[in-house]
Every structure is written in C-alpha cells, then in structure tokens.
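The following exchange examines how the terms applied to a structure rest on their definitions. Each reply sets a value against its criterion.

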Amino acid sequence: CAGLEQRGISVWFSPRDILPSQRYADEIPSAISSSRIFVLVYSSHANDSHHIKNELELATDRKEPIPMPILVLRIEDCAPKGAVEYHTKPKQLLDA
C-alpha cells in the first residue's frame, strides 16, 4: 500500500479508510464501485473470510463503465477454494 502511494497511486484500504462512525457494509460497495482495479492480497486466511467472498462478488459483478479488473497477489503457497476459487479461477495468480 505504502509503495503504491509513494508512486502516486491512490489506494483505498478499509481498515485505514473507513472511519469508526461509518459502517463497513455501506462503505465497501461504494469503494469497489468507484475503483479502477481490485487487488486481492491472497492467503489461506482470505479463503476463510466471508468478507473477501462478498467483496470478490461485488468486484466481479461490476460491469460499468468497464468490467472490474481483478489482480490476485498470493502471499502464501495455497490454492483458492470454494467461492474464492470461483471468482479468481480465470485470473492469473501472482506470487509475492
């Protein structure tokens, strides 16, 4: 996140950008719909997160103004399963 921002690329990061008075369920769909790319930092923990599954579904459902590009950056040697696999299967996994 810091590396991208140092290069002038704005990053929306929910733990940092959602204020305590705001609701995640209201802010995340808005952020996804206004983003140019969805980056999933993937690990085995991501596979178990129902929030990640919901966010991936929002990203794959976004078609306007163009389909949402999804970049999967894998930080652990594990394969996506279930809903995460379903939404990331046609995408290339990049290993960090």
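Q: Which residues does Leu 40 touch, not counting residues up to four places away in sequence?
A: Leu 40 touches Ile 52, Leu 56, Leu 71, Val 72, Leu 73, Val 84 and Thr 88. Contact here means heavy atoms within 4.5 Å. This is a predicted model, in which local features need pLDDT of at least 70, side-chain atom pairs count only at pLDDT 80 or more, and totals for chains, interfaces and linings use all residues. Residues are numbered from 1 along each chain as its sequence is written, and side-chain values use heavy atoms, with hydrogens and water left out.

Q: Why is Leu 40 called buried?
A: Buried means under 20% relative accessible area, exposed means over 50%, and partly exposed lies in between (1.4 Å probe, protein chains only). Leu 40 has 3% relative accessibility and therefore counts as buried. Leu 40 is found in strand β1; helices (H or I, at least four residues) and strands (E, at least two) are DSSP runs, numbered from the N terminus. The C-alpha atoms of Leu 40 and Leu 73 are separated by 6.0 Å, although the two residues are 33 residues apart along the chain.

Q: What makes β1 and β2 a pair of strands?
A: Two strands pair if DSSP finds at least two bridges between them. Strand β1 (residues 38-42) and β2 are joined by 5 bridges and run parallel, so the criterion is met. Within this pairing, Tyr 42 stands opposite Arg 74 in β2.

Q: How many bridges join β2 to strand β3, and what is the direction of the two strands?
A: There are 3 bridges between β2 and β3 (residues 93-95), and the strands run parallel. The bridge partner of Val 72 in β3 is Leu 93. The chain crosses from β2 to β3 through helix α6 (residues 82-88), and this β-α-β crossover is right-handed. That term applies if, with the strands pointing away from the viewer, the path from the first strand over the helix to the second runs clockwise.

Q: Which side chains of strand β2 point to the buried face?
A: Ile 70, Val 72 and Arg 74 point to one face and are buried, whereas Leu 71 and Leu 73 point to the other and are not. The side chains thus alternate along residues 70-74.

Q: What makes the pair Arg 74 and Asp 95 a salt bridge?
A: A salt bridge is a side-chain nitrogen of Lys or Arg within 4 Å of a carboxyl oxygen of Asp or Glu. The side chains of Arg 74 and Asp 95 meet at 2.6 Å, N to O, so the pair satisfies the rule. Arg 74 lies in strand β2 and Asp 95 in strand β3, so the pair ties together parts that are 21 residues apart in sequence. Arg 74 counts as buried because its relative accessibility is 16%, while Asp 95, at 55%, counts as exposed. In general, side chains of opposite charge can pair when their charged atoms come close.

Q: How many salt bridges are there by this rule?
A: The count comes to 4 salt bridges. One of them joins Glu 5 and Arg 16, whose closest N and O atoms are 2.9 Å apart. Glu 5 lies in helix α1 (residues 2-6) and Arg 16 in helix α2 (residues 14-17), so the pair ties together parts that are 11 residues apart in sequence. Glu 5, Arg 16 and Asp 17 are linked in a network of salt bridges. The side chains of Lys 89 and Glu 85 also meet in a salt bridge, at 3.9 Å, N to O.

Q: Why does Lys 89 count as exposed?
A: The relative accessibility of Lys 89 is 60%, so the residue counts as exposed. Its partner Glu 85 is partly exposed, with a relative accessible area of 32%.

Q: Which residues form the nonpolar patch on the surface?
A: Ile 37, Val 39, Val 41 and Ile 75 form this patch, with about 340 Å² of accessible area together. Patches are made of residues with over 30% relative accessible area and no salt bridge; like charges are joined within 9 Å, and nonpolar side chains (Val, Leu, Ile, Met, Phe, Trp, Tyr) within 5 Å. Accessible areas come from the Shrake-Rupley method with a 1.4 Å probe, and for residues only the protein chains shown count as cover. Ile 37 is partly exposed, with a relative accessible area of 46%.
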